[in-house]
Amino acid sequence: RSYKVIYDWSDTEIGGSTIVPGTTDLKYFTFELNSDEQSYKVGINVDYIGDITEYHIPAEYEGLPVTAIRSFGGIECIEVITMPDTITSIDRMALGWNPNLTTLKLSASLTELPEDMCAACDKLNNGVIPASVKKIGDYAFGECMELRDLRFEGTVAQWEAVEKAEWWYYGYGTTVKCSDGSADIGIEVN
């Protein structure tokens with residue numbers, strides 16, 4: 001069964017690359033009904049690892065919204081992950097240790113980026129943090145050595161109000177581009 005991504009991200013530009021809406025067959029995902037029995041958590045189906053490099057997470061499954069991400073980490077073939085705005089939570093380490101991940105489109109409904117979210121995603125070269133984010137966990141972007149341009153979709157004042165763990169970022173960049181200017185990353189980078 002094939003699932004057409006229902007969000008049109010053709011106008012969404014991330015790090016100079018336009019996200020192109022795609023079709024991802026549901027066989028590439030696993031779905032777990034959340035405890036509320038009104039939504040699903042999504043993960044990668046390990047039986048099909050290597051078949052595709054771009055994962056466009058569906059907004060719904062069996063008529064219910066997909067609201068959480070559990071496991072897309074440690075997969076060498078993943079280059080692109082796009083999430084719909086139905087996603088409200090990401091498990092710790094869910095996207096980390098993907099050595100070839102270059103592009104990540106986060107949900108605009110996220111309020112927290114968990115610990116180790118994208119840790120050691122060596123080739124991640126763009127980072128766009130939604131204005132909805134209020135908290136960033138330790139090592140969320142740790143060892144993302146190609147990630148030099150971070151963008152926050154809110155204002156400098158909103159960025160400064162975000163609760164950031166001491167080592168949320170470990171890379172070479174020193175500023176975050178906000179909608180109204182630039183802000184300091186907030187940690188000492190060697």
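Which residue in β6 is the bridge partner of F29? It's I44, and the first close-up below picks up from that pair. Everything shown here comes from a predicted model.

**View 1. The β5–β6 hairpin, with F29 across from I44.**
Strand β5 covers residues 29-33 and runs antiparallel to β6, with five bridges joining the two. Together they make a hairpin, and six residues sit between the strands. Look for E37 in the turn: its phi is positive, at about 55 degrees.

**View 2. Strand β6, covered along its length: five of its five residues are buried.**
Here we stay with β6, residues 40-44, and look at where the side chains go. Y40, V42 and I44 point one way from the strand, while K41 and G43 point the other way. Both sets are buried. K41 is worth a pause, since a lysine shows up here among the buried residues, with a relative accessibility of 18%. The cut-off for buried is under 20%, so K41 makes the list at 18%.

**View 3. β6 also pairs with β9, and this time the strands run parallel.**
Four bridges join β6 to β9, the strand of residues 64-71. One pair to find is Y40, which stands opposite V66 in β9. So what does β6 have on its two pairings? There is the antiparallel one with β5 and the parallel one with β9.

**View 4. A salt bridge between D91 and K41.**
K41 comes back, now with a partner: the closest N and O atoms of D91 and K41 are 3.3 Å apart. D91 sits in the loop between β11 (89-90) and β12 (103-105), whereas K41 belongs to β6, so the pair ties together parts that are 50 residues apart in sequence. The two ends have their own surroundings: D91 is partly exposed at 27% relative accessible area, and K41 is buried at 18%. This is one of six salt bridges that a search of the whole structure finds.

**View 5. R92, E115 and D116 in a network of salt bridges.**
Within this network, the side chains of E115 and R92 meet at 3.3 Å, N to O. The pair links distant parts of the chain, 23 residues apart: R92 is in the loop between β11 and β12, and E115 is in the loop between β13 (112-113) and β14 (127-129). Both side chains belong to partly exposed residues, with relative accessible areas of 44% for R92 and 35% for E115.

**View 6. E153 and R151, another salt bridge.**
In this pair, the closest N and O atoms lie 3.6 Å apart. E153 is partly exposed, at 41% relative accessible area. R151 also counts as partly exposed, at 32%.

**View 7. An open three-strand sheet in the order β7-β10-β12.**
The pairing in this sheet is parallel. β7 (54-56) and β12 stand at the edges with a single partner strand each, so one side of each has no neighbour in the sheet. Direction ignored, neighbouring strands are turned by 5 degrees against each other on average. Between β7 and β10 (residues 80-82) there are three bridges. To get your bearings, find H56, which stands opposite T82 in β10.

**View 8. A second open sheet, β13-β15-β18, again with parallel pairing.**
This sheet has three strands. β13 and β18 (163-164) are its edge strands, each with a single partner, so each is left with one side lacking a neighbour in the sheet. Two bridges join β15, residues 135-136, to β18. The pair to spot is I136, opposite K164 in β18.

**View 9. Stepping back: one helix and 21 strands.**
Of the 190 residues in the protein, 48% are buried. Among contacts with a separation of 6 or more, 45% are between residues 24 or more positions apart. The accessible surface comes to about 9,000 Å², and carbon and sulfur atoms account for 44% of that. On confidence, the average pLDDT is 82, with 83% of the residues scoring at least 70. Go easy on residues 1-23, where the pLDDT is below 50; this stretch has 48 contacts in the model beyond near neighbours in sequence.

Terms used
Residues are numbered from 1 along each chain as its sequence is written. This is a predicted model: local features need pLDDT of at least 70, side-chain atom pairs count only at pLDDT 80 or more; totals for chains, interfaces and linings use all residues. Side-chain values use heavy atoms; hydrogens and water are left out. A salt bridge is a side-chain nitrogen of Lys or Arg within 4 Å of a carboxyl oxygen of Asp or Glu. Buried means under 20% relative accessible area, exposed over 50%, partly exposed in between (1.4 Å probe, protein chains only). Two strands pair if DSSP finds at least two bridges between them. Axes are lines fitted to C-alpha atoms, for helices over the stretch in contact, and angles run from 0 to 180 degrees between N-to-C directions. pLDDT is the predictor's confidence in each residue, from 0 to 100. Contact means heavy atoms within 4.5 Å. Accessible areas come from the Shrake-Rupley method with a 1.4 Å probe; for residues, only the protein chains shown count as cover.
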